[in-house]
Amino acid sequence: MIPDSMQTIRDNLDRVRRTISAAAQRTGRSAADVTLVAVTKYAEMESARALVNLGVVTLGESRPQQLVDRSSQLPNEIEWHLIGHLQRNKVRPVLQVATLIHSIDSMRLLERVNQIAQEIGITPRVLLEVNVSGEDVKDGFSAEDLLSAADQLASFEHARICGLMTMAPFSEDPESARPVFRRLRELQMELKPKLAGTHELKELSMGMSGDFHVAVEEGATLVRIGRTLYEGLDRPDKS
Ligand SMILES: *Cc1c(COP(=O)(O)O)cnc(C)c1O
């Protein structure tokens with residue numbers, strides 16, 4: 001990678017980290033409570049490598065095949081998170097490399113993950129994707145469905161449900177995401193007691209390039225950031 005590009009990514013990463021810290025501080029949280037998931041789905045392999053060289057340890061991919069391919073090309077210490085839709089026939093290879101799946105968007109998929117996990121003898125960490133805004137185009141559980149399915153959720157013994165994930169509707173105004181993020185946090189509070197003793201619902205995965213400062217203010221423990229990390233590259237990575 002040419003030095004200029006490395007410097008651009010370094011500056012972008014610094015800016016993102018400072019924004020996370022400031023947002024955490026404003027709400028009495030610590031930046032250490034927020035994990036940056038650097039989304040590499042648009043990025044060239046070079047950029048992903050640069051991020052790793054700059055100390056990023058958690059990378060997110062939205063396509064299962066790309067996650068599997070890239071995980072074999074970067075150091076083993078990298079934590080790979082799947083953030084995009086998982087087809088049932090891709091569960092097995094993904095479970096072998098991903099350390100967290102953010103995008104469990106149906107009970108059928110959760111059942112499948114739990115079953116494969118049992119077969120291969122692992123206890124993978126997963127998040128349930130919630131369609132808070134109720135947009136037709138979005139995958140995920142509705143808040144009502146999750147609350148009424150609490151007993152079933154509690155019965156999964158191999159997949160460990162570690163929290164919830166959501167995407168806010170696209171908007172130019174980051175503030176419009178706030179009610180969505182707040183609702184996800186409320187849902188976490190409502191669901192937690194119902195799953196007490198079975199699943200630790202600690203994580204909230206919310207916030208992307210346009211709205212992650214709002215997400216951190218509203219309690220995000222994981223932010224999924226792509227575009228803004230690659231801004232200003234001479235040959236912008238395709239999106
Ligand atoms: C692409 C993607 C992101 C990152 O979005 P940016 O706007 O590039 O920061 C986050 N979450 C999911 C689910 C995505 O697909």
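A polar contact is taken here as a pair of N or O atoms within 3.5 Å, where, within protein, one atom must be able to donate a hydrogen and the other to accept it. In the predicted model, the side chain of Arg 70 meets this description, reaching the backbone oxygen of Ala 43 at 2.7 Å. Arg 70 is placed in helix H3, which spans residues 64-71, and its relative accessible area is 10%, so that the residue is classed as buried, the cut-off being under 20%. When neighbours within four places in sequence are left aside, Arg 70 is in contact with Thr 40, Ala 43, Glu 44, Met 45, Glu 61 and Trp 80, and Ala 43 therefore appears both in this list and as the partner in the polar contact at 2.7 Å.

The surroundings of the ligand were examined in the predicted model as well. The ligand is surrounded by Val 39, Lys 41, Tyr 42, Ile 83, Met 167, Met 208, Ser 209, Arg 224, Ile 225, Gly 226 and Arg 227, a shell that comprises six nonpolar, two polar and three charged residues. Among these residues, Ser 209 places a polar side-chain atom 2.5 Å from an oxygen atom of the ligand, and Arg 227 likewise has a polar side-chain atom 2.7 Å from a ligand oxygen atom, whereas for Gly 226 it is a polar backbone atom that lies 2.8 Å from an oxygen atom of the ligand. Taken alone, the ligand exposes 390 Å², of which the protein buries 94%.

Definitions and conventions
Residues numbered from 1 in each chain as written. Predicted model: local features only at pLDDT ≥ 70, side-chain atom pairs only at ≥ 80, totals over all residues. Heavy atoms only, no water. Near = heavy atom within 4 Å. Areas by Shrake-Rupley, 256 points an atom, 1.4 Å probe, with all protein chains shown as cover. Nonpolar A, V, L, I, M, F, W, Y, C, P; charged D, E, K, R; others polar. Helix = DSSP H or I, 4+ residues; strand = E, 2+ residues; numbered from the N terminus. Buried < 20%, exposed > 50% of the residue type's maximum accessible area, 1.4 Å probe, protein only. Contact = heavy atoms within 4.5 Å.
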